[in-house]
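Let's take a walk through this structure together. Keep the 3D view open and follow along as we go from one region to the next.

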Amino acid sequence: MFIQQNISLRECNTFGIEANAREFVEVTTLDELNVIVSNFNLSERKVMVLGGGSNILLTQDFDGMIIKNSIKGIYVVKEDADHVWVKAMAGEVWHEFVMYCIKNNLAGVENLSLIPGYVGAAPMQNIGAYGVEIKDVFDSLEAIEMETGEITGFTKADCKFGYRESIFKNEAKGKYIIISVTFRLNKNAELNVSYGAIKQTLEKNGVVKPTIKAISDTVIAIRKSKLPDPHVLGNAGSFFKNPEIPNEQFGKLKEKFPAIVGYPASDGFTKVAAGWMIEQCGWKGKRVGNTGSHIEQSLVLVNYGGATGSEIWKLALDIQFSVKEMFGIIIQPEVNIV
Ligand code: EPU
């Protein structure tokens with residue numbers, strides 16, 4: 001382990017944006033991380049912990065220290081008649097962890113197949129797809145407090161999970177480095193095939209009694225057909241969150257835009273499909289310089305090559321403005337803007 005100066009972050013962010021970090025260190029063991037935490041007074045410095053870099057937009061060089069968490073390992077912690085508790089270290093690639101679960105016939109994360117990023121970042125924004133969120137299988141996590149170097153445990157309640165939200169994006173932001181996450185997985189598959197696209201694809205393929213492997217394969221096929229592969233076209237998945245608005249406001253919008261897409265959310269609120277609104281504003285598939293909104297899924301902004309972070313951010317603000325003009329709703333980024 002050594003600290004590098006003025007390092008390009010292009011390979012470390014899935015948008016493929018060129019930006020430099022003043023200092024960069026990759027840790028592969030807990031001991032290495034402890035050395036960094038105890039010697040560098042992290043709470044007094046500008047620090048960013050990076051996993052797969054799949055949820056950030058770098059709009060400028062980073063004038064601080066990047067800690068890339070590559071601590072790996074997957075361990076069975078305990079089991080009972082119905083469940084197995086599996087602890088994955090933060091530097092495991094999320095999809096590889098999902099594949100481990102499927103290989104061992106452990107249900108719960110199959111709907112979350114092929115989500116880019118690392119295990120350690122997954123609870124930060126409560127990743128979700130196709131009717132499942134990480135909170136549904138989350139047991140606990142361990143994190144190092146940067147100020148004290150102490151290892152602290154977080155239960156599900158401590159994490160304050162919400163839609164693409166957790167304590168780590170709010171009051172605990174920048175205070176902890178997540179080192180491991182423990183999941184409670186099911187031995188007897190309780191499958192979630194409620195999401196329309198999954199149900200339809202399974203039916204089309206004549207699958208009557210789906211296994212967790214069949215669901216994972218289906219999710220992978222749907223994602224590949226809709227979402228651009230970051231290795232081919234730089235992107236960070238959905239750029240914006242789907243906004244939640246009061247049911248009454250949604251009812252009024254429905255009168256004006258009968259085709260508007262919304263789903264029941266928390267009490268009295270409707271979650272509106274931001275992708276649908278962005279498409280109505282004419283952005284879907286539109287290219288602006290080196291960036292644009294993806295042709296198959298307008299919620300995803302892409303880097304056609306050589307885009308700067310500020311160019312993508314400018315496009316995002318223009319899209320946000322259009323949606324506000326047409327629908328009166330301010331859509332918020334899901335991606336972390338750095
Ligand atoms: N839609 C459009 N036009 C578009 C995109 C979507 O009309 O350009 C409509 C679709 O037809 C559908 C609705 O909007 O009726 C929802 O679309 P989709 O099923 O593609 O899901 P989403 O709400 O756009 C969310 C997550 C994705 C996740 C999918 C599937 C957010 C911000 N995004 O997208 O997560 O994969 O559901 O569960 O919640 C991510 O977070 O990076 C991500 C990709």
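What follows is a tour from the domains to individual loops, strands and rings.

One thing to keep in mind from the start is that this is a predicted model. The chain splits into domain 1 (4-69), domain 2 (74-186) and domain 3 (234-337). Take domain 2 and domain 3: their centres, taken over C-alpha atoms, are 27 Å apart. Five residues from domain 2 and six residues from domain 3 make up the contact. Between them the two domains bury about 520 Å², and 37% of that is on carbon and sulfur atoms. Which residues of domain 2 lose the most area to domain 3? They are Tyr 163, Arg 164 and Lys 169, which together account for 79% of what the domain 2 side buries.

Tyr 163 is worth a second look while you're there. The charged end of Lys 271 sits over the Tyr 163 ring, 3.5 Å from its centre. By the domain bounds, Tyr 163 falls in domain 2 (74-186) and Lys 271 in domain 3 (234-337). You'll find another lysine over a ring at Trp 283, where Lys 286 lies over the face at 4.9 Å from the ring centre.

Staying with rings, a search of the whole structure turns up 13 aromatic pairs. One of them is Phe 168 with Tyr 176, an edge-to-face pair with 6.3 Å from centre to centre and 85° between the planes. The pair counts as edge-to-face because planes over 60 degrees apart fall in that class, and this one has 85°. Phe 168 itself has a relative accessible area of 4%, so it is buried. Elsewhere, ring pairs tie Phe 15, Phe 239, Phe 240 and Trp 313 into a cluster.

Now back to the early part of the chain. Asn 20 belongs to strand S2 (residues 20-27), and its relative accessibility of 30% makes it partly exposed. Leaving out residues up to four places away in sequence, Asn 20 touches Ile 7, Ser 8, Leu 9, Asp 61 and Phe 62. Asp 63 is 43 residues from Asn 20 along the chain, yet the two C-alpha atoms are separated by 8.3 Å.

Next, find Gln 60, which is in the loop between strand S4 (56-57) and strand S5 (62-69). Is Gln 60 buried or exposed? It is exposed, because its relative accessible area is 51% and the cut-off for that label is over 50%. Gln 60 still has partners from elsewhere in the sequence: it touches Ala 19 and Val 338, again not counting residues up to four places away. Between Gln 60 and Ala 19 there are 6.2 Å from C-alpha to C-alpha, with a separation of 41 residues in sequence.

Two hairpins come next. Strand S6 (residues 74-79) and strand S7 (residues 83-89) run antiparallel and are joined by five bridges. The hairpin between S6 and S7 goes through three residues, and across the strands Ile 74 stands opposite Ala 88. Further along, strand S10 (residues 138-145) and strand S11 (residues 151-155) also run antiparallel, with five bridges joining them. Glu 142 has Gly 153 in S11 as its bridge partner. This hairpin has five residues between its strands, and Gly 149 in the turn has a positive phi of about 80°.

Speaking of phi, what about residues that aren't glycine? Most residues other than glycine have a negative phi. In the loop between helix H2 (94-103) and strand S8 (128-129) you can find Leu 114, which has a positive phi of about 65° without being a glycine. Asn 126 is also in the loop between H2 and S8, and its phi is positive too, at about 45°. Their surroundings are worth setting side by side: Leu 114 is partly exposed, with a relative accessible area of 29%, whereas Asn 126 is buried at 0%.

The last stop is Ser 266, in the loop between strand S15 (262-264) and strand S16 (269-272). Ser 266 is partly exposed, with a relative accessible area of 42%. Its C-alpha atom and that of Ile 245 are separated by 9.9 Å, with the two residues 21 apart along the chain.

Key: Residues are numbered from 1 along each chain as its sequence is written. This is a predicted model: local features need pLDDT of at least 70, side-chain atom pairs count only at pLDDT 80 or more; totals for chains, interfaces and linings use all residues. Side-chain values use heavy atoms; hydrogens and water are left out. Rings of Phe, Tyr and Trp (its six-membered ring) pair if their centres lie within 6.5 Å; planes under 30 degrees apart count as stacked, over 60 as edge-to-face and the rest as tilted. Buried means under 20% relative accessible area, exposed over 50%, partly exposed in between (1.4 Å probe, protein chains only). A charge sits over a ring if NZ of Lys or CZ of Arg is within 6 Å of the ring centre and within 35 degrees of the ring normal. Two strands pair if DSSP finds at least two bridges between them. Helices (H or I, at least four residues) and strands (E, at least two) are DSSP runs, numbered from the N terminus. Contact means heavy atoms within 4.5 Å. Domain bounds come from an automatic or database domain assignment. Buried area is the accessible area (1.4 Å probe) that two parts lose on being put together, summed over both.
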